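Take a moment to turn the molecule around on your screen before reading on. We will then walk through a few of its places together.

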Amino acid sequence: MTYAISWWLAVQVLGLAALPLARRLFRNLPDKGYALAKPIGMLLTSYLFWLAVSFGLLANSRAGIVLCFALVAGASALLHLYTGRSARAGASVRGVVQFWRDNRGLIITNELLFAAAFGVLVLVRAYNPAISGTEKPMDLAFLNGILGSEYFPPLDPWLSGFAISYYYFGYLIMAVLTRLSGVPSEVAFNLAIALIFALTASGAFSLTYNLVRRHREGQKGGNALPTAFGALGAVFVAVLGNLEGVLEVLHTRGLGSDSFWQWIDVKNLATAPVSGSWIPTDSWWWWRASRVVHDVVFGVEQEVIDEFPFFSFLLGDMHPHVLALPFVLLALGLGLNLLWSKREARWWEMILLGACLGGLGFLNSWDLPIYLFICIVAYGLASYRRWEGSGRGWLAEVLYFVVVLVTLCFVLYLPFWIGLRTQAGGLRLVLLVKTRLHQYLIMFGPFIYAVVPLVLYRLWRVETALKSDETTVTGRRLVLGSAAVAVLVGLVCLLLIVVKLYLIALLLLLIVAGLLALICGLHRSLLDEVTSSASFVLLLTVIALLLTFGVEFVYLKDVFGTRMNTVFKFYYQAWVLFGVAAAFALYYLGPWTKGRRRVPSTLWVAGFIPLLLAGLVYPVLATHNKTSGFEGTPNLDGMAHLELAHKDDLAAIHWLRANAEGGQIIVEATGGSYTYYGRISVHTGLPTLLGWGGHELQWRGNYEEPGKREPVIETLYNSPDPGPTLSLLDEYDIEYVYVGPLEKSTYHVSQPVLDKFENLMEVVYQGGEVTIYGR
């Protein structure tokens, strides 16, 4: 509990430091970006720290972090003071006090939501804390590697002598919090998952709240509806599961024929145990929800990943796509703020935009183009509105904005881009597989139910307005052009249906409808709608549809050679966009919105309730399964499981943490990915000669260096000859040789080899079956 409070306080301090800055930056949002102050404070403090340590200006220490925090806090206060209407400190203080008075209920709601979400996931992690299995060891290795590196770029703990070649900013942000809070890394790992969940929930709440609040401007009712739908947005993005959970319940109950389950074709579901109960009994049933899309080529299965946020939080892997979630919501908040801006972006705003959006490239590079594009379009719509749709001045303004912003996104993070080595190998065509419509709806069904009427309603509203303005040449052209496009797209969709490409037909229809609504909405008679909440949500919907549409045709080539990763990364962001859009759609088209027909809108909302309940089946049952029904003693120590199966290793790890210096190289057994190999470097952060070789291949795009090291490690553990061993120890600057049960079983280490190590080095640690040799 003490560690959780320390972690929570560290986040609060960073958020409070950035709050004055957030209020200025997000001045166009009703909540003034209150919930976004935490991620922006974390990002800016970590960015300054990374930059200073990378250029050798600061050491990787708590003192350096505190200094960077002080700089962010100072800059935030000065910005708040000197960009307001008055440069007097008293006026600035009064503004803060007035903000509290005006938004006290909202602030309390935000903090309660954040604390509740954080507390719930802390509890979940406490009943399932082990940092083992899947890719958790990799994540802990990066966290410890960053903590143990004197300067940046941080040392790769699984390839000594090399820096991490991965987008590691999220790990660095968590390392900053780890050091600032004084929490051990094995506990910080679990608290980080809980934090990301809480920030995702509060970020989605903020975004949806602002959309609804802005739409209700001038209407009675206060904050009740914006708060209610903000909470719904948080549930949709952070908590809701896909519909695979319901299918698990039906299957384990024994409902549905064999042919039905073969048609559903969720990977391994048809062969899962049938218990006759309503609760799935196999221990990893919840994993299948991330394998709903099932590609089969000529009878050969191809792995496809379709994770969604709650699956990630439950799984507990601290991966970049998870670590980036609060910051993609920050980016959406920036985009919404740009849309509602009544003037051009100032120089300090451009720098902050570049730091926040550019940070996505460092956090999870897949996200950068998506959210950069959304912000550019949002700024373009705002500029078009400011220029009242006339002249070409707005185009010049937008072009200048694009050039400056894109430049800043890359220049501000230039050290990272220069050092990055990647497996990406360009675009490839998807030829032999297409996602089946029912599997797509299992994944996104509740969202599609909500956003389809929104897209069609917006198109109908725009076309109706244009028809009433057909006296203008532009209005007539837009109406005729829209009709022609609709006919053409309709014919294409009919052809796609004939060849049974139902999903592509549906997505194409929705994308074109959404684009027509956006483009036709630029007509001068509709200028007031250009920067509306509904327009922004329509933009998010179209982008989400395009992301899920694009993976049917192209993928980014990687070492796997399939569309697996592209579906994974694009579906993940589509979930976020769909989640926010669906929450707003339920408000916008619901009976509580002025001008809606009460009976049909009520029936439509009522029809969504079963889908919502179906989506909640997964988080409830999967959490119960993953935590073993919350039985046992809660514990946040991610290394505690080693006490049972690997207590000698655990004791040696504690010795190394206390005695070895950061960056010193250790040799241990190397082996396959997703195994216990590399465990010493994982838990200490000390670089080893080679950890999970398969992952090094993924990160670097080739196996040249890892391939050289495998025989070196075999020689060290197999050869009794001291000559080659001494040469290799010198060549790779090896400080420690670790001999434990895993080394003995992997290399069949003989007594002459042990004698060799004793002659060349000294025994610095001996405990149980573990001996560590040092020099």
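Helices here are DSSP runs of H or I with at least four residues, strands are runs of E with at least two, and both are numbered from the N terminus. With that in hand we can place our first residue: Leu501 sits in the loop between H19 and H20. Keep in mind as you look that this is a predicted model.

Let us stay in that loop for a while. It joins helix H19 (473-498) to helix H20 (502-520), and Lys500 lies in it too. Is Lys500 buried or exposed? With a relative accessible area of 61%, Lys500 is exposed, because anything over 50% counts that way. The backbone of Lys500 also deserves a look: its phi is positive, at about 65 degrees, although Lys500 is not a glycine. Leu501, by contrast, counts as partly exposed, at 27% relative accessibility. What does Leu501 touch, leaving aside its neighbours within four places in sequence? The answer is Lys434 and Leu496. Leu437 can be found from here as well: 64 residues separate Leu501 and Leu437 along the chain, and their C-alpha atoms are 8.2 Å apart.

A second positive phi waits elsewhere. Asn268 has a phi of about 70 degrees, and Asn268 is not a glycine either. You will find Asn268 in the loop between helix H10 (258-264) and strand E1 (295-297). Its relative accessibility is 47%, so Asn268 counts as partly exposed.

Now for a peptide bond. Which form does the bond from Phe152 to Pro153 take? This bond is cis, with omega near 5 degrees. Pro153 belongs to the loop between helix H5 (136-148) and helix H6 (169-181).

Follow the chain past H6 and you come to another proline, Pro184, in the loop between H6 and H7. Pro184 counts as partly exposed, at 23% relative accessibility. Not counting residues up to four places away in sequence, Pro184 touches Tyr3 and Thr178. How far apart in space are Pro184 and Asp637? Their C-alpha atoms are 8.6 Å apart, while their positions lie 453 residues apart in sequence.

Next, look at a pair of helices. Two packed helices are described by the angle between their axes and the distance between the axes. Helix H7 (residues 185-215) and helix H8 (residues 224-239) have axes that come within 7 Å and cross at roughly 140 degrees. H7 and H8 are therefore oblique to each other, since an angle has to be over 145 degrees to count as roughly antiparallel. The crossing of H7 past H8 is right-handed. On the H7 side, the residues that meet H8 include Phe197, Ala201, Phe205 and Tyr209. On the H8 side, Leu225, Phe229, Ala234 and Val237 are among those that meet H7. The contact of H7 with H8 is made by 14 nonpolar residues, five polar ones and one charged one.

Finally, a word on confidence. The chain has an average pLDDT of 92, and 97% of its residues score at least 70. Where in the chain is confidence highest, and where is it lowest? Helix H13 (residues 325-339) is highest, at 98, whereas H19 is lowest, at a mean of 79. Residues 86-91 have a pLDDT below 50, and this stretch has seven contacts in the model beyond near neighbours in sequence.

Conventions: Residues numbered from 1 in each chain as written. Predicted model: local features only at pLDDT ≥ 70, side-chain atom pairs only at ≥ 80, totals over all residues. Heavy atoms only, no water. Buried < 20%, exposed > 50% of the residue type's maximum accessible area, 1.4 Å probe, protein only. pLDDT = per-residue confidence, 0-100. Contact = heavy atoms within 4.5 Å. Axes fitted to C-alpha atoms, helices over the stretch in contact; angles between N-to-C directions. Parallel < 35°, antiparallel > 145°, perpendicular 65-115°, else oblique. Left-handed = near helix turned anticlockwise from the far one by under 90°. Nonpolar A, V, L, I, M, F, W, Y, C, P; charged D, E, K, R; others polar.
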